[in-house]
Amino acid sequence: MDEAALPQDAATSVLLAASPLLEGVTGRYVDDNQKVEVVAGGPEATGGVAANAVPVPVTPAAKRSAGR
């Protein structure tokens, strides 16, 4: 791993963790400090993140019905 690239590699994580502009923002996929769209996926997909790679949020109603 190129040690010179470490600060650049960490930039997205630091931005998401520390920016007050993103307080309360959830359910987004971010890469290279840019929002990435969720796409259907498959071998023909050329951009975005595949829908099956993004966790589905569990709503309070779903938790109650599952007995959690």
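A visitor asks how the labels on this predicted model are earned, and a guide answers.

Visitor: What are the ground rules for this predicted model?
Guide: Local features need pLDDT of at least 70 and side-chain atom pairs count only at pLDDT 80 or more, while totals for chains, interfaces and linings use all residues. Residues are numbered from 1 along each chain as its sequence is written, and side-chain values use heavy atoms, with hydrogens and water left out.

Visitor: What makes a helix or a strand here, and how many are there in the protein?
Guide: Helices (H or I, at least four residues) and strands (E, at least two) are DSSP runs, numbered from the N terminus. The protein has two helices and four strands. From the N terminus on, the order is α-β-β-β-β-α.

Visitor: Where is T12, and why is T12 called buried?
Guide: T12 sits in helix 1, residues 6-18. Buried means under 20% relative accessible area, exposed over 50%, partly exposed in between (1.4 Å probe, protein chains only). T12 has 14% relative accessibility, so T12 counts as buried.

Visitor: What makes the link between T12 and N33 a polar contact?
Guide: A polar contact is a pair of N or O atoms within 3.5 Å; within protein, one must be able to donate a hydrogen and the other to accept it, and residues adjacent in sequence count only if both atoms are side-chain atoms. The side chain of T12 reaches the backbone nitrogen of N33 at 2.9 Å.

Visitor: Which residues does T12 contact, beyond its neighbours within four places in sequence?
Guide: Contact means heavy atoms within 4.5 Å. On that test T12 meets V30, D31, D32 and N33.

Visitor: What about D31: buried, partly exposed or exposed?
Guide: D31 has a relative accessible area of 43%, so D31 is partly exposed. D31 belongs to strand 1, residues 29-31. Not counting residues up to four places away in sequence, D31 touches T12 and V36.

Visitor: Why does S19 count as buried?
Guide: The relative accessibility of S19 is 15%, so S19 counts as buried. S19 is placed in the loop between helix 1 and strand 1. A polar atom of the S19 side chain lies 3.1 Å from the backbone nitrogen of L21.

Visitor: And why is V54 called partly exposed?
Guide: V54 has 25% relative accessibility, so V54 counts as partly exposed. V54 is in the loop between strand 4 (49-50) and helix 2 (60-65). Leaving aside neighbours within four places in sequence, V54 is in contact with V38 and V49. V54 and G27 are 27 residues apart in sequence, and their C-alpha atoms are 8.7 Å apart.

Visitor: How much of the protein is buried?
Guide: Of its 68 residues, 9% count as buried.

Visitor: What makes a pocket, and how much space lies in the largest pocket?
Guide: On a 1 Å grid over the protein atoms alone, a pocket is an open set of points where a 1.4 Å probe fits, with protein on both sides within 12 Å along at least five of seven lines; lining residues have an atom within 4 Å of a point. The largest pocket holds about 250 Å³. Of its 13 lining residues, L16, L22, V25, R28 and V30 are closest to the centre. Helix 1 and strand 2 (34-36) are the elements that give two or more residues to the lining.

Key:
Grid points are joined across faces, edges and corners, and a volume is the space filled by probe spheres set on the points.
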